[in-house]
Amino acid sequence: MSDRPKPYQLLPWIIPAALMMAWWMAGRNGWIPEYLLPHPGDVGKSGYVYIFGPAGSGPYAGRFAADAAASLLRVVIGFSLAAAVGVPLGILSGRLDGMEKLLSLSVNGIRAVPGVCWLPLSLVWFGIGMKTTVFLVSLAAFFPIYLNAAAGARAVPPMLLQAGAMMGVGRIRGTFAILIPGAMNHLMTGLRLGLGISWAYLVLGELTGVPSGLGAVIMDARMSGQIDVIIVGIALIALFGQSSDYLLRCLLRMLFKSARRTP
Amino acid sequence: MSTRLKLISTRPAPNAEPVGVLDVQGLSKIFRVNQSPFHALENISFQAQTGELICVLGPSGCGKTTLLKILSGFIPPSAGHITLNGLPVFRPGPDRCVVFQEDALFPWLTVAENISFGLKGRGLGRQFLRQETERFLSLVNLEAFGDYLPREISGGMKQRVALARVLILNPMVLLMDEPFAALDAQTREEMQTFLLSLWGKLSHTILFVTHDVTEAVTLADRILVMDKNPGRIRHDIPLTLKRPRMRESDAFHHQCKHLFALLRTEKAG
């Protein structure tokens, strides 16, 4: 890739640049009214005030750190729960027919229900706030993690497991030294998909009227008609989602040889 | 180096009456194919003596690999029994190590880590583990490649790693399932010579499955010629050719011709 000519490397940026340009033009020439789509410069200013401004310098100034921390905490807890349940169950049902039989009907049944449907019920069960959001996040993140772990465990070449068996490797070591590394590609895919979905459901949980969080800011800004802040919120969630994906990959590479050395 | 390898062997002292280290009696395997039974193996019996290199030779589909899988404990026989030094065999274990035909190294471990894999988790000291790994790395002439990943080395090197990782466990029997079949002709010959030199040093009991007559004549003390449908042992031929064997010699050619003829009659009958 890197030895390709320069224009080729610019390829991914053409569409974002064109969109930014169109937005700029639209704002400048008044093609779209301000209350629907504010000028990018205004959005930039609001973003700066929201993130760096001292409390009181703007309607949302000074609360960024608290919002980000609240959202991050909800995603981390929800995602960790999903991973802690999804990875072991997935690996078990990928290797054991009994486990697969036991789980597949229920898992697929629940998976068929769109995650949004759980919102009313979880509001009744857990109330508005942390618990509902964590519940939605972990429920939604569970499925890609579980399904990919199961597919990964199924796809480990039998030859590798046989090689382990003939070298006298027992079940426990076989699981940690052969099965999990052998399924690492799938496990990583599942975890990354799960983390992506976590951010989506975080916003859903936070739209219900919680006091803090990036989703809460978006919802709040809609009610007060501050489109610029909504756009800032969306951009921040995109940024957080991207960075958390990158961090997750780094973390897995740090922890597992198989993640580092899988091409 | 070689003496120490022999000393840590767990084999019992040879009795007055030679008893096969590996004793196979009346082994049969019946698979069910489309509701009808298929005799993959029928009444296979033989004994392997300590330090013997036996080749199992036969056309594809004669059940050679099935036989090896049963001996290694991956699949159960339909009838018959196997004993190793008098103890029954019923599951995979490090006393009967396998070198597979395909690449069965762990792709996420380096060459050195692959070699020490079997010894890990046995409560051995770190220092000892490292020494053993070094020793077996040099035994297969891969000292310089300890930190390479399997995908970074050649096919012949991979099979040498596969050998080292099982030899380090000091198995009583080495089961080899066409280990050099996927290599190019020149590398295959090199690997055969290499295996013989290792065998000269360590004198393991080896059961080597192959469909290549020249390979069998190059390696074996004894050749079991198999027949297919049903798979059974048709001939048990001791090879008296002197070692080192010269592929160009008349005696070698004669032996090969004889085996080719046997295999042809098998096909005709």
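Mentor: Helices (H or I, at least four residues) and strands (E, at least two) are DSSP runs, numbered from the N terminus. Residues are numbered from 1 along each chain as written, with chains lettered from A and ligands numbered from 1 in the order written. This is a predicted model, where local features need pLDDT of at least 70 and side-chain atom pairs count only at pLDDT 80 or more, while totals for chains, interfaces and linings use all residues.

Trainee: Okay, so in what order do the elements of chain A run?

Mentor: From the N terminus on, they go α-α-α-α-α-α-α-α-α-α-α-α-α. That's 13 helices and zero strands. Chain B is a mix, with eight helices and 10 strands.

Trainee: How do I read a helix's reach, say for H12 of chain A?

Mentor: You hold it against an expected span, which is 1.5 Å times one less than the number of residues. H12(A) covers residues 227-255, 29 residues, and its end-to-end C-alpha reach of 42 Å is close to the expected 42 Å. H2(A), residues 14-29, has 16 residues and reaches 22 Å, close to the expected 22 Å. Right after H2(A) comes A:Gly30, with a positive phi near 70°.

Trainee: And which residues of H12(A) are buried?

Mentor: Buried is a neighbour count: 20 or more other C-beta atoms within 10 Å of the residue's own, with 12 or fewer meaning exposed and anything in between partly exposed; C-beta atoms are placed from the backbone. In H12(A), the buried ones are A:Asp228, A:Val229, A:Ile231, A:Val232, A:Gly233 and A:Leu236. They pack against helix H3 (40-52) and helix H11 (214-223) of chain A. H2(A) has zero buried residues out of 16, so it lies largely in the open. Chain-wide, buried residues make up 34% of the 263 in chain A and 39% of the 269 in chain B.

Trainee: What does the radius of gyration say about chain B?

Mentor: It's taken over C-alpha atoms, and the globule rule is 2.2 Å times the number of residues to the power 0.38. For 269 residues, a compact globule would come out near 18 Å, and chain B has 19 Å, which agrees. Along the principal axes, the C-alpha atoms of chain B fill a box of roughly 55 × 45 × 40 Å; for chain A the box is roughly 75 × 60 × 35 Å.

Trainee: How many residues does each chain bring to the contact between A and B?

Mentor: Two residues touch when their C-beta atoms, placed from the backbone, lie within 7 Å. Chain B brings 18 residues and chain A brings 14. On the chain B side, strand E6 (residues 96-99) gives the most, with three residues.

Trainee: Where are the cis peptide bonds in chain B?

Mentor: The general idea is that most peptide bonds are trans and most residues other than glycine have a negative phi. Here, the bond from B:Asn229 to B:Pro230 is cis, with omega near -5°. B:Asn229 also has a positive phi of about 55° without being a glycine, sits in the loop between E9 and E10, and is exposed, with 12 other C-beta atoms within 10 Å. Another cis bond joins B:Arg243 and B:Pro244, omega about -5°, and B:Pro244 is in the loop between E10 and helix H8 (250-268).

Trainee: What about B:Asn43, is it exposed, partly exposed or buried?

Mentor: With 15 C-beta neighbours inside 10 Å, B:Asn43 counts as partly exposed. Its phi is positive, near 50°, and it's found in strand E2 (residues 36-48) of chain B.
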